[in-house]
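Open the model in your viewer and keep the selection panel at hand. The tour goes stop by stop.

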Amino acid sequence: MNLFDKISNDIKAAMLAKDVVRRETLRGVKKEFLEAKTAKGADGELSDDAALKILSKMVKQRKESAKIYSEQNRQDLADNELAEAAVIEEYLPKQLSEDELQIAVKNIIDSCGASSMKDMGKVMGIASKQLSGKAEGKAISEMVKKLLS
């Protein structure tokens, strides 16, 4: 079962359980998936890789919004955004810990023969593809900088 079908089934389960936050969050996810499927140039299908990118983007947006709401003393809205982020994160692969990320980036640096900051672009290209969905781009970038400098 692909991610799109799983989300659709989980919406039904959330409706039956009367779980409002989960239902509304998953409806938002399904809306994003449908828009991606019907976007200009799309072939009407949504690969799991594309779906994972959408989910990652949505989690990032929710966390950024929660941070802004917290700074403006709107904890009620921040809590809602964090609850939605938690629901979406259930569908993402487990995120790498800092140690696991460091090992993965070291392996990538060794495999492509990078030795200095001049090679950062080459390393980031490979790392972004291999670690997509497993770590945030910012964390990958910081680890590459740390290991190359």
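Contact here means heavy atoms within 4.5 Å. Keep in mind that this is a predicted model.

**Stop 1: glutamate 84.** Select helix α4, residues 75-89, and pick out glutamate 84 within it. Is this residue buried or exposed? Glutamate 84 is buried, because its relative accessible area is 16% and the cut-off for buried is under 20%. Now show its partners. Beyond its neighbours within four places in sequence, glutamate 84 is in contact with Val21, Thr25 and Arg62.

**Stop 2: α2 against α4.** Add helix α2, residues 20-38. The two axes come within 9 Å and cross at roughly 65 degrees. α2 is therefore roughly perpendicular to α4. The crossing is right-handed. Show side chains next. From α2, select Val21, Arg22, Thr25, Leu26 and Val29; they meet Ala83, Glu84, Val87 and Ile88 of α4. By class, this contact has 6 nonpolar, 1 polar and 2 charged residues.

**Stop 3: α3.** Select residues 48-71, helix α3. How far apart are its end C-alpha atoms? They are 35 Å apart. The 24 residues, at 1.5 Å a residue, should span 34 Å, so the two values agree. Now colour the buried residues of α3: Ala51, Leu52, Ile54, Leu55, Met58, Val59, Arg62 and Ala66. Arg62 is thus listed as buried, and it is also one of the contacts of glutamate 84. Turn the view to see what the buried residues of α3 pack against: α1 (3-17), α2 and α4.

**Stop 4: past the end of α3.** Step to asparagine 73, just after α3. Its phi is positive, about 55 degrees.

Key
Residues numbered from 1 in each chain as written. Predicted model: local features only at pLDDT ≥ 70, side-chain atom pairs only at ≥ 80, totals over all residues. Heavy atoms only, no water. Helix = DSSP H or I, 4+ residues; strand = E, 2+ residues; numbered from the N terminus. Buried < 20%, exposed > 50% of the residue type's maximum accessible area, 1.4 Å probe, protein only. Axes fitted to C-alpha atoms, helices over the stretch in contact; angles between N-to-C directions. Parallel < 35°, antiparallel > 145°, perpendicular 65-115°, else oblique. Left-handed = near helix turned anticlockwise from the far one by under 90°. Nonpolar A, V, L, I, M, F, W, Y, C, P; charged D, E, K, R; others polar. Expected span 1.5 Å × (residues − 1).
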